[in-house]
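Please examine the predicted model shown below. The paragraphs that follow lead through selected charged side chains and one of the sheets.

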Amino acid sequence: MTDLLNPPPAPLAAADTPADPSTGGSEAVRELLVQNVSWQADGVLSLRVVDPSGAPLPPWSPGAHLDLVLPSGLVRQYSLCGRPEDRHGYTVAVLLVEDGRGGSREIHETALVGRTVSVRGPRNRFPLADAEHHLFIAGGIGITPILAMVREVSARGLDWRLAYGGRSRSSMAFTEELRGLGPDRIEFVPQDERGPLDLDALLTGVEPNTAVYCCGPEGLLTAVQQRHADSGAAFELHFERFGAPVTADSDADSGESGDADGAESPFEVELRRSGEVLTVPPGRSILDTIREVAPEVMSSCEEGFCGTCETRVLEGVPEHRDTLLSERERERGKTMMICVGRSKTPRLVLDL
């Protein structure tokens, strides 16, 4: 989900961040109760989930998200938009996507209140940076992780601005709460009234030591990324994305691994916990191969951008084909997305 164009920053709320947010398949799955569902804007519902026994939930920091297993078995990721100090409930908001992959429609059309759902996380790949200034750019439902971030920087008395665009005023969630946090710091831009966000105005002359955060449709992320490249990286840029970049080139196209002509080679995968050793053939993913013996392994996008299948690598050198890990994380090779990644060595040993 996240694309960091600079090395991962130190989070502001480090004490509230899970010690290892990238443990992938080794994270615990909890059964939580859907306590309520609320309307937030046209096409946007929020869900609050709690522990059925009333026990406190694991801590999280602004920018974190959950893996939510829907009653149908679909796994989807949703950013936490509640308050980190509320240890007895997690809140997420979901936009109905008419032509999506079915997860949002299931949430909007299923009576979930009073039912339990499986939840994994929280995990945070979109943390607040330790910066002097903070500029937030949100498009549509991209406001969900940024809402918690804005609350945090506002409470800390830090310098911040928010530009929030949406199709129309009625489709923009959480506007009243945002106004209460700092009306003079926020620009609301309904596209049907004012057109798209003026990114040139927003990003020209950004002050030094500014962290810029962007979450929203892929077109918005691409435009911001292009302006960041044109600026000569005058500011830190941090992304949360909800889909695979349409222009991203995968390592598979580059012939980075496999035979000299770019063809894939088979390799072995050892599942350390079970002791299983599997052969991953050309043209088949590690995830699909593992599902033969461990069908419970979680996945969602299966395109390498969401992070649900992120798995710890114990031995071997992974070949990364995802769009989520930073360059530093790729070089370390400690985790990988098993839905798209392969191996540069004859065997990988995974923490599964």
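Glu 319 is buried, its relative accessible area being 0%; buried here means under 20% relative accessible area, exposed means over 50%, and partly exposed lies in between (1.4 Å probe, protein chains only). Its partner in a salt bridge is Arg 321, and the closest N and O atoms are 2.5 Å apart. A salt bridge is defined as a side-chain nitrogen of Lys or Arg within 4 Å of a carboxyl oxygen of Asp or Glu. Arg 321 is likewise buried, with a relative accessible area of 13%. Elsewhere, salt bridges with shared partners connect Glu 268, Glu 270, Arg 272, Glu 315 and Arg 347 into one network.

The model is predicted: local features need pLDDT of at least 70 and side-chain atom pairs count only at pLDDT 80 or more, whereas totals for chains, interfaces and linings use all residues. Residues are numbered from 1 along each chain as its sequence is written, and side-chain values use heavy atoms, with hydrogens and water left out.

Within the network, Arg 272 forms a salt bridge with Glu 270, with 3.5 Å between the closest N and O atoms. Glu 270 counts as buried at 15% relative accessibility, whereas Arg 272 is partly exposed at 37%.

Another member of the network, Glu 268, leads to the sheet: its bridge partner in strand 14 is Thr 279. Strand 13 (residues 267-271) and strand 14 pair in the antiparallel sense over four bridges; two strands are taken to pair if DSSP finds at least two bridges between them. Helices (H or I, at least four residues) and strands (E, at least two) are DSSP runs, numbered from the N terminus. The open sheet consists of five strands in the order 14-13-19-15-17, with mixed pairing. Strand 14 (277-280) and strand 17 (335-337) stand at the edges and have a single partner strand each, so one side of each lacks a neighbour in the sheet. On average, neighbouring strands of this sheet are turned by 40 degrees against each other, direction ignored; the axes are lines fitted to C-alpha atoms, for helices over the stretch in contact, and angles run from 0 to 180 degrees between N-to-C directions.

A further salt bridge is found in helix 3 (residues 175-181), where Arg 179 and Glu 176 lie three residues apart, about one turn of the helix. Their side chains meet at 2.7 Å, N to O. Glu 176 is exposed, with a relative accessible area of 58%, and Arg 179 is partly exposed, at 32%. By the stated rule, the count comes to 29 salt bridges.
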